[in-house]
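Here is a set of short exercises to help you find your way around a new structure. Keep the view open and try each task before reading its solution.

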Amino acid sequence: MRGLDSLRGDFGVLRAMLRGIPKHGSHAQNLQGFYGTQAGDYDRFRERLLQGRAELIDRLRLALPRAAHVVELGGGTGRNLEFFGTALDDVAAFDLVDLCPALLARARARFARHARVRVIEADATIFRPAQAVDCVYFSYALTMIPDWRAALDNACAMLKPGGVLGVVDFYHSTARPDPGLVRHGAFTRKFWRRWFAHDGVRLDPEHLAALRARFPRHELIESHAAVPYLPGLRVPYYVFVGRKA
């Protein structure tokens, strides 16, 4: 019965993805319209798709000072916080920021008993804590933010000197990437950009270029993940960790 329920949940998510994200309201309204019907199945379905999150947070944990203040922009249901494990108990404050009430409701339920976690409905381009923070990260969120440069500017501005910024996300390379970087073929670049755009996910090689320019001191992993119900296809993603000068 549980397997049947999971399958039904998957098809509910797939239906929402096939319909695509609404395009006639504000960004917040469109997110709610898209994720509202699939919030209950969001984590289970995307567990198979959103790879690299554990690798990102493993690296962030090693870089955090004791009693750190951490911000996740576009934190959704709060699933990513669970990758911190017991290290979350050493964090002094954690701000989980998102615009989608349906996803935030899941996060509030998940961390109702964790006093250090604040779940905040706010825009990633303008939310700013009262004090500078030790770490900011985006997990499959930068591609969902229309004004991603403003979100990145905001993340950099709230970081302390020496603070750490992390990003894991889908992407594709330029036609001629810098030496040492992965080069994706024309099919990969065009197919995945169009595929994800239907659901409001904007793949853009400028994301990675902007991160590397802003954070010359960084680690970068480029990899591929399988896609549920699309056998044989693998979508590129990257894990980036940079330190503010």
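**Exercise 1.** Find out whether Glu-206 is buried, partly exposed or exposed, and then identify its salt-bridge partner.

*Solution.* Bear in mind that this is a predicted model.
- Step 1: Glu-206 has a relative accessibility of 37%. Buried would need under 20% and exposed over 50%, so Glu-206 counts as partly exposed.
- Step 2: Its salt-bridge partner is Arg-149, with the closest N and O atoms 3.7 Å apart.
- Step 3: Place both residues on the chain. Arg-149 belongs to helix α6 and Glu-206 to helix α8, and the two are 57 residues apart, so this pair links distant parts of the chain.
- Step 4: Check the partner too: Arg-149, at 41% relative accessibility, is partly exposed.

**Exercise 2.** Look at two further salt bridges, Arg-59 with Glu-219 and Lys-160 with Asp-134, and work out what each one connects.

*Solution.*
- Step 1: The whole structure contains 10 salt bridges.
- Step 2: Between Arg-59 and Glu-219 the N to O distance is 3.5 Å. Arg-59 sits in helix α4 and Glu-219 in strand β6, with their positions 160 residues apart in the chain. Arg-59 is partly exposed at 27%, and Glu-219 is partly exposed at 42%.
- Step 3: For Lys-160 and Asp-134 the N to O distance is 3.2 Å. Lys-160 is in strand β5 and Asp-134 in strand β4, so this salt bridge ties together parts that are 26 residues apart in sequence.
- Step 4: Compare the accessibilities in this pair. Lys-160 is partly exposed, at 34%, whereas Asp-134 is buried, at 12%.

**Exercise 3.** Trace the sheet from edge to edge and name the strands that stand at its edges.

*Solution.*
- Step 1: Follow the seven strands in the order β3-β2-β1-β4-β5-β7-β6; they form an open sheet with mixed pairing.
- Step 2: The edges are β3 (117-121) and β6 (218-226). Each has a single partner strand, so one side of each lacks a neighbour in the sheet.
- Step 3: From one strand to the next, the twist averages 15°.
- Step 4: Now sort some pairings by direction. β1 and β2 are parallel, with five bridges, β1 and β4 are parallel, with three, and β4 and β5 are parallel, with six. β5 and β7, on the other hand, run antiparallel and are joined by seven bridges.
- Step 5: Pick out some facing residues. Val-71 has Asp-95 of β2 as its bridge partner, Glu-72 has Tyr-137 of β4, Phe-138 stands opposite Val-167 of β5, and Asp-169 is opposite Tyr-238 of β7.

**Exercise 4.** Describe how helices α6 and α7 lie against the sheet.

*Solution.*
- Step 1: Helix α6 (residues 148-158) lies across β1, β4 and β5, at about 145° to β5.
- Step 2: Helix α7 (residues 186-197) touches β5 and β7, and its direction makes about 85° with that of β7.
- Step 3: Join α6 to its flanking strands: β4, α6 and β5 make up a right-handed β-α-β unit.
- Step 4: Look at the covered side of α6. Its buried residues, including Trp-148, Leu-152 and Met-158, pack against β1, β4, β5 and α8.
- Step 5: Turn to the strands beneath. In β5, nine of the 12 residues are buried. In β1, His-69, Val-71 and Leu-73 point one way and Val-70 and Glu-72 the other, and all are buried.

**Exercise 5.** Which residues of the largest nonpolar core touch the most other members, and which element gives the most to this core?

*Solution.*
- Step 1: The largest nonpolar core has 37 residues, and those touching the most other members are Val-70, Leu-81, Leu-88, Phe-94, Tyr-137, Phe-170 and Val-235.
- Step 2: Several elements supply at least two residues each, among them α4, α5, β2 and α7. β7 gives the most, with four.
- Step 3: Zoom in on Val-235. Beyond its close sequence neighbours, its contacts include Leu-49, Phe-170, Trp-192 and Phe-196.
- Step 4: Another core lies apart from this one; it has 29 residues, including Leu-73, Val-133, Met-158 and Phe-240.

Notes. Residues numbered from 1 in each chain as written. Predicted model: local features only at pLDDT ≥ 70, side-chain atom pairs only at ≥ 80, totals over all residues. Heavy atoms only, no water. Pairing = 2+ DSSP bridges. Axes fitted to C-alpha atoms, helices over the stretch in contact; angles between N-to-C directions. Contact = heavy atoms within 4.5 Å. Buried < 20%, exposed > 50% of the residue type's maximum accessible area, 1.4 Å probe, protein only. Right-handed = clockwise from strand over helix to strand, strands pointing away. Core = buried A, V, L, I, M, F, W, Y, C linked by side-chain atoms within 4.5 Å. Salt bridge = Lys/Arg side-chain N within 4 Å of Asp/Glu carboxyl O. Lists of a residue's contacts leave out its neighbours within four places in sequence.
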